[in-house]
Structure formats: structure tokens, C-alpha cells
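Here are a few friendly notes to read alongside the coordinates. I have kept them to points you can check for yourself in the viewer.

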Amino acid sequence: MRDHGDVTRDVTPQTGRSASDRPAADPTAPVGPAPARPTRLIATDLDGTLLRDDKSVSERTIAALAAAEAAGVEVFFVTGRPARWMDVVSDHVHGHGLAICGNGAAVVDLHGGPGAHRFVKVRPMERETALTVVDILRAAAPGTAFAVERTVGIEHELAYPPLMFDAAGTIAPAEKLLAADADLTDEPVLKLLAHHPELTPDAFLALARTAIGDHASVTRSSPTALLEIAGPGVSKASTLALCCAERGITPAEVVAFGDMPNDVEMLTWAGTSYAMGNAHPDVIAAASGRTVANNEDGVAVVIEQILAGLEG
């Protein structure tokens, strides 16, 4: 399961590469510059980053998150997951209790606990924009199958890969799902998902970004050729920036963690950022530092060093 690539039956590890292709963990990590200013907020991706491959949060990581909040450092979970998949971390929220979901399409209050998450902010994709994107991708990459992620659930086309964790509300062509008279037309579209059965993941991403241009924000987090498409300007970075501005927090006071292409903008925006030891090459290039892999608690390792610095 990976951000929102996990709606398919693919069970490849969350790295974009097979386990045998993963780089060996650097025993000296984390490496990279120390934060230029005292850290006020930690922003972390979930799958392949904070979570281990079995989707658990280690005891070490739980302790590090709690210690950060106790020290006055806010922790934001920033993920491609929809709100209904946030139970995995809802027991570990502190203070504000907010998470950024859907690659920036929604800010969700997790305080209600499993099954009771509340949308605080939604940055929807306009229905007409979604239809335009479908038309563009059908022409640019024949064979593409679509799913529509809304605040209330997911719908998809018949050719879309079977879902592991969600029962689709409706199975129909994307044009029907996005029609003005569709059953859920009053429910905001958070993002489109587009799957191609033959293209490689990075090739599909490059092709789609070129074809779609400024119509929408296109990224990926799955090891399969599954794209996540949000409204123009919507990303983990832009929504995190809004949340930080509301709190008077500058990018220089943010430390961010990620492992896949949908994290690149956030890692670039944050004053200090870490690519996981299992990260995609684009993430490594974007981050200012590196830490060990998700299965070795790479996020906790850095948080512990940050807190030690505050104590010093």
C-alpha cells in the first residue's frame, strides 16, 4: 500500500524499486545540513517514510513523535492517502491533530479517531478540469483507466485495477462519473487516479505532465504506473505552506521527510529536508539531506537529533 497507489492489488514494497534494488542503508545517516533555524514543524510522508513496510509505526517512532510535540514542535502527517485511510496514525496525533491528505487536496482533523475524521479544508478539482484531463490522457496514452477520488469515497472505470481496501461506489466510464448529473456530483473531487497497463511509472508521469501542462498537478507515489492528479497548484507543498502561514511558521523552520515523487515539492519547499534511504532518485536529488530507510526508523533518527539539539 502506498499513498494512493495502494488502491491496486500491487504489493511491491513502497520504494518504487524492488527490495533487491534498494540502496544499502548508510550507517552514518542522517547526513545533511542542520536546520538553519530552530525547528517548529516536522512534515512527514507516511508510506515508505514514517511507516514501515508492514504499515506499522514503530515504538521508536511513536516515542519520537510524542517527544517532538512535548518539546513544542508540531508534527504534520502529509500524505497521498485519503482521509479514510488515516486510522494507521490517528492514535499518534498530538496537539493540533491535523493531517494533509490526498497530496494536498484536503486538511483533515484526526482527533475524532478511527472513522470520525473531519475535513477542515478542501482544495477540490473542478469537474470541468477533471473532464479535460481525462480527454487529454485518453488521447496521449490510449489504454489509460481512471478512478475518481471524492471526499466520500472512490469510483472507477471497469478497466481500473481491482481495489484492495475500498468498494467502489460506482463503476462506470470517467465521463459518466464526472457528468453534471452524476450521483456524487455535489461531493468534491479530490483527485483523479490514472493507471496505464504498459507504460513504466516514470515514463507515464513524464508523458502526462507534458500533455496536461498547467491544467492540473500530476504526480505519483505508486510502484506501478498509477498517477495522482489534483487541481492546478495543489500539492503537498502548497497546502503545507498554507498551514504554516496560518501558524506564522516559515519554510526555514520546517523539516520534511519523503521517499517518492509526490514528496519532491514539499522537500524543496522546506528549509531542511530528508530523503529516506529507500527513496526514489528524484527525491534524493530534491532533499537537502538523507536518512536511513523507513524500516530503520529514519524519521525517528532525525527527530531524536533535532530534539537533542534543542536540549543543547
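**Notes on the model**

1. The central sheet. In this predicted model, 8 strands make up an open sheet with mixed pairing, in the order E5-E4-E3-E2-E1-E11-E12-E13. Strands E5 (118-122) and E13 (289-290) are at the edges with a single partner strand each, so one side of each has no neighbour in the sheet.

2. A parallel pair. Strand E1 (residues 41-44) runs parallel to strand E2 (residues 74-78), and 4 bridges connect the two. If you would like a spot to zoom in on, threonine 44 has phenylalanine 77 in E2 as its bridge partner.

3. The helix across that pair. Helix H2 (residues 59-70) lies across E1 and E2, at about 130 degrees to E2. Its length checks out nicely: at 1.5 Å a residue, 12 residues should span 16 Å, and the end C-alpha atoms of H2 are indeed 16 Å apart. Just after H2, glycine 72 adopts a positive phi of about 90 degrees.

4. Two sides of H2. Which residues of H2 are buried? They are Thr61, Ala64, Leu65, Ala68 and Glu69. Viewed down the helix axis, the buried residues of H2 fall within an arc of 130 degrees, so they line one face. Glu59 and Ala70, on the other side of H2, are exposed.

5. A salt bridge across the sequence. Of the 18 salt bridges in the structure, one joins aspartate 297 to arginine 52, with 2.9 Å between the closest N and O atoms. These partners are 245 residues apart: aspartate 297 sits in the loop between E13 and helix H10 (298-311), and arginine 52 in the loop between helix H1 (46-50) and H2. Aspartate 297 has 8% relative accessibility and so counts as buried, whereas arginine 52, at 27%, counts as partly exposed.

6. Buried charged pairs. Glutamate 155 and arginine 150 form a salt bridge, their closest N and O atoms being 3.3 Å apart. Glutamate 155 is buried at 3% relative accessible area, and arginine 150 counts as buried at 3% relative accessibility. Another salt bridge pairs lysine 191 with glutamate 228, the closest N and O atoms being 3.0 Å apart. Lysine 191 lies in strand E8 (residues 189-195) and glutamate 228 in strand E10 (residues 226-230), so this pair ties together parts 37 residues apart in sequence. Lysine 191 counts as buried at 1% relative accessibility, and glutamate 228 is buried with a relative accessible area of 2%.

7. A shared network. Do take a look at Glu74, Lys121, Glu246 and Arg247, which are joined into one network by salt bridges that share partners.

Definitions and conventions: Residues are numbered from 1 along each chain as its sequence is written. This is a predicted model: local features need pLDDT of at least 70, side-chain atom pairs count only at pLDDT 80 or more; totals for chains, interfaces and linings use all residues. Side-chain values use heavy atoms; hydrogens and water are left out. Two strands pair if DSSP finds at least two bridges between them. Contact means heavy atoms within 4.5 Å. Axes are lines fitted to C-alpha atoms, for helices over the stretch in contact, and angles run from 0 to 180 degrees between N-to-C directions. The expected span of a helix is 1.5 Å times one less than its number of residues. Buried means under 20% relative accessible area, exposed over 50%, partly exposed in between (1.4 Å probe, protein chains only). The arc is that of the directions from the helix axis to the C-beta atoms. A salt bridge is a side-chain nitrogen of Lys or Arg within 4 Å of a carboxyl oxygen of Asp or Glu.
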